[in-house]
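Let's walk through this structure together, one feature at a time. Keep the view open beside the text and turn it as you read.

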Amino acid sequence: DGRFSGATRGFCVGHVGPEAAHGGPIALIRDGDMITIDALRGEISVALPDEELARRRAEWAGPRKTDYAAGALWKYAQLVGKARYGAVTHPGAAAETHVYMDQ
């Protein structure tokens with residue numbers, strides 16, 4: 001999808017993150033957990049019983065608070081698009097009115 005700019009070779013999982021910050025299943029993963037990625041089925045799973053996942057979910061403390069009120073990270077957060085669309089900081093696609101490389 002181009003987000004790696006040629007930095008990877010072979011099979012690579014590139015984007016698994018934002019849902020963890022909101023308490024999704026990835027938020028429950030801990031060091032040492034066995035994770036299986038099935039590229040043919042498009043699935044990711046963890047080898048834990050449902051009871052353990054339920055216990056971890058009950059213990060989850062909620063999203064971390066961020067206090068970026070200024071600076072580059074704040075500016076980026078205000079401008080960035082959705083990760084599934086490349087996390088770019090411009091409208092892109094049909095909304096783009098100027099192609100920067102054509103200058």
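In this predicted model, β1 and β2 make a hairpin, with 4 residues lying between the two strands. Look in that turn for G42, whose phi is positive at about 70°. The strands of the hairpin run antiparallel, and 4 bridges join them. You can follow the pairing residue by residue: I35 has V46 in β2 as its bridge partner, and T36 is matched with S45 of β2.

Now step back from the hairpin to the whole chain. How many helices and strands does the chain have? It has 3 helices and 2 strands. Reading along the sequence, you will meet them in the pattern α-β-β-α-α, with the two strands of the hairpin following one another.

The chain as a whole also has a few numbers to keep in mind. Of its 103 residues, 8% count as buried, where buried means under 20% relative accessible area. The exposed area of the chain comes to about 8,800 Å², and carbon and sulfur atoms supply 57% of that area. As for contacts, take those with a separation of 6 or more: residues 24 or more positions apart account for 35% of them.

With the surface in mind, let's turn to the pockets. Rolling a probe the size of a water molecule over the atoms shows where empty space is left. The largest pocket has a volume of about 310 Å³. Which residues line the largest pocket? They are A21, H22, W60, G62, P63, R64, T66 and Y68. Sorted by class, this lining has 4 nonpolar, 3 polar and 1 charged residues.

The second largest pocket has a volume of about 220 Å³. Its lining is made of 13 residues, and the closest to the centre of this pocket are P25, I26, I29, I44 and V46. Three elements each give two or more residues to the lining: β1 (35–38), β2 (43–46) and α2 (50–59). Which element gives the most to it? That is β2, with 3 residues. By class, the lining of the second largest pocket has 10 nonpolar, 1 polar and 2 charged residues.

This brings you back to the hairpin. V46, the bridge partner of I35, is also among the residues closest to the centre of the second largest pocket. Both strands of the hairpin, β1 and β2, help to line that pocket, together with α2.

Conventions:
Residues numbered from 1 in each chain as written. Predicted model: local features only at pLDDT ≥ 70, side-chain atom pairs only at ≥ 80, totals over all residues. Heavy atoms only, no water. 1 Å grid on protein atoms, 1.4 Å probe; cavity = no way out; pocket = protein on both sides within 12 Å on 5 of 7 lines; lining within 4 Å. Points joined across faces, edges and corners; volume = space filled by probe spheres on them. Nonpolar A, V, L, I, M, F, W, Y, C, P; charged D, E, K, R; others polar. Pairing = 2+ DSSP bridges. Buried < 20%, exposed > 50% of the residue type's maximum accessible area, 1.4 Å probe, protein only. Contact = heavy atoms within 4.5 Å. Areas by Shrake-Rupley, 256 points an atom, 1.4 Å probe, with all protein chains shown as cover.
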